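Student: I have just opened this one and don't know where to begin. Could you walk me through it?

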Amino acid sequence: MAATDDVNSPTLLPHETEWVKDIVAALKGAGFQFDMLETVQLALVCKGRTKPALERAKKMKSWEEDAKALGMSFQEAYEYACRKDVNQELQVFGEDKEKRDAFCIDYGTFQPDLYKQDEKKWQALTQVMIETYRGATCTLPRIRGGYLFAANSKEFAFRNFDNTLEKKMAAIYQDGYPIKITHVLVVDPPLFIRMVMRIVSLFLKKKLRDRIDFFKLDSGKLLTYFDESQIPPMFGGNNKVDIYAWLENRLTIRSQTEQMLAKEYGENFSSL
């Protein structure tokens, strides 16, 4: 399903309404309180299953408390996690042909030791990931559609990989924040990528592993996912997205979606 930013029709499908009812009851019973859109995310991503929804909810509350303790704005967290003593920028790629958000990093610049040695840097990176995911789930179609992740792996070496840190990140993007990953594109993978995959297969679910696509940039396969206008400089294109402006816009849309949900279903889904 193609994603849009139409906030005027945040209607839940009949089966989604039942999922939301179950999740609302489960969250209330566990003493968790989330905004309406986060509740919808938990319901749709977990397909109404209360146990995984509550597990994700517990993690979300923990990250929320960590962010408060860190006391950084998104920009401060981004600068500290991605630019201070490191050049590891999580970038907004653009949108794929299905209008799903895409994000990318250059794995050759990733320095896992910095995040293991500095807990503050790790917490800042976690905040960056969570806030970016909030931007990517600002409407119901975007929640349903999920997102795509691309990694420039041309300069990727063993020094850029750490099993412990990768497992911590997987706890966020795989079983943590309620967001769907539709594809993971590993562009220009090194010869030892199979060895890395054997390691990460210990904690990456098969469903996600099956969504990983390995290919060379010069194969042209990137253009099967993206229009040329959406390709960033990292992959030889010209599309540059200011992540701060992007997030500000998406959080505004998110607030509008929240208001429309309250108008249609009552505050905290009181009319369901």
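Tutor: Let us settle one term before the charges come up: Lys and Arg count as positive and Asp and Glu as negative, while His and the chain ends are not counted. Please also keep in mind that this is a predicted model.

Student: OK, so how many positive and negative side chains does the chain have, and how far apart are the centres of the two sets?

Tutor: The chain carries 39 positive and 39 negative side chains, and the centres of these two sets are 6 Å apart.

Student: And what is the chain built from, in helices and strands?

Tutor: There are twelve helices and five strands in the chain.

Student: What does the radius of gyration say about the overall form?

Tutor: For 272 residues, a compact globule would be expected to have a radius of gyration near 19 Å, and the chain agrees with that because its own value is 19 Å. If you follow the C-alpha trace along its principal axes, the chain spans about 55 × 40 × 35 Å.

Student: What share of the residues is buried?

Tutor: Of the 272 residues, 53% count as buried. As for the outside, the accessible surface of the chain comes to about 13200 Å², and carbon and sulfur atoms account for 50% of that area.

Student: What about contacts between parts of the chain that are distant in sequence?

Tutor: If you take the contacts between residues at least 6 apart in sequence, 81% of them join residues at least 24 apart.

Student: Changing topic: how many disulfides are there?

Tutor: A search of the whole structure finds zero disulfides. Take C46 as one case: the closest cysteine sulfur to its own is in C138, and because the two are 19 Å apart, they are too far for a bond.

Student: And why doesn't C138 form a bond with its closest cysteine?

Tutor: For C138 the closest cysteine sulfur is that of C104, and because the separation is 19 Å, this pair is also too far for a bond. C138 counts as buried, with a relative accessibility of 0%.

Student: Back to C46 then, where is it, and is it buried or exposed?

Tutor: C46 sits in the loop between α2 and α3, and with a relative accessibility of 1% it counts as buried. Setting aside residues up to four places away in sequence, C46 touches Q41, P52, A53 and R56. You can also compare its position with W19, which is 27 residues away along the chain, while the C-alpha atoms of C46 and W19 are separated by 8.7 Å.

Student: Q41 came up there, so where is that one?

Tutor: Q41 belongs to helix α2, which covers residues 36-45, and it is buried, with a relative accessible area of 0%. Leaving out its neighbours within four places in sequence, Q41 is in contact with C46, T137, I143, Y177, P178 and R254.

Student: Which contacts does A67 have, and where does it lie?

Tutor: A67 lies in helix α3, residues 50-70, and touches M72 and Q127 when residues up to four places away in sequence are not counted. Its relative accessible area is 27%, so A67 is partly exposed. A67 and N249 are 182 residues apart along the chain, and their C-alpha atoms are separated by 21 Å.

Student: And T126, buried or exposed?

Tutor: T126 counts as buried, at 7% relative accessibility, and its place is in helix α6, which runs over residues 119-136. Not counting residues up to four places away in sequence, T126 touches W63 and I172.

Student: One last thing, what is phi doing at K99?

Tutor: K99 has a positive phi of about 65° although it is not a glycine. You will find K99 in the loop between β1 (91-95) and β2 (101-106), where it is partly exposed, with a relative accessible area of 42%.

Student: What about phi at D188, and where is that residue found?

Tutor: D188, a residue other than glycine, also has a positive phi, near 55°, and it is found in the loop between β4 (181-187) and α9 (193-200). The cut-off for buried is under 20% relative accessible area, and D188 has 14%, so it is buried.

Methods: Residues are numbered from 1 along each chain as its sequence is written. This is a predicted model: local features need pLDDT of at least 70, side-chain atom pairs count only at pLDDT 80 or more; totals for chains, interfaces and linings use all residues. Side-chain values use heavy atoms; hydrogens and water are left out. Helices (H or I, at least four residues) and strands (E, at least two) are DSSP runs, numbered from the N terminus. The radius of gyration is taken over C-alpha atoms; the globule rule is 2.2 Å times the number of residues to the power 0.38. Buried means under 20% relative accessible area, exposed over 50%, partly exposed in between (1.4 Å probe, protein chains only). Contact means heavy atoms within 4.5 Å. Accessible areas come from the Shrake-Rupley method with a 1.4 Å probe; for residues, only the protein chains shown count as cover. The place of a charge is taken as NZ of Lys, CZ of Arg, CG of Asp or CD of Glu. A disulfide is a pair of cysteine sulfur atoms within 2.5 Å.
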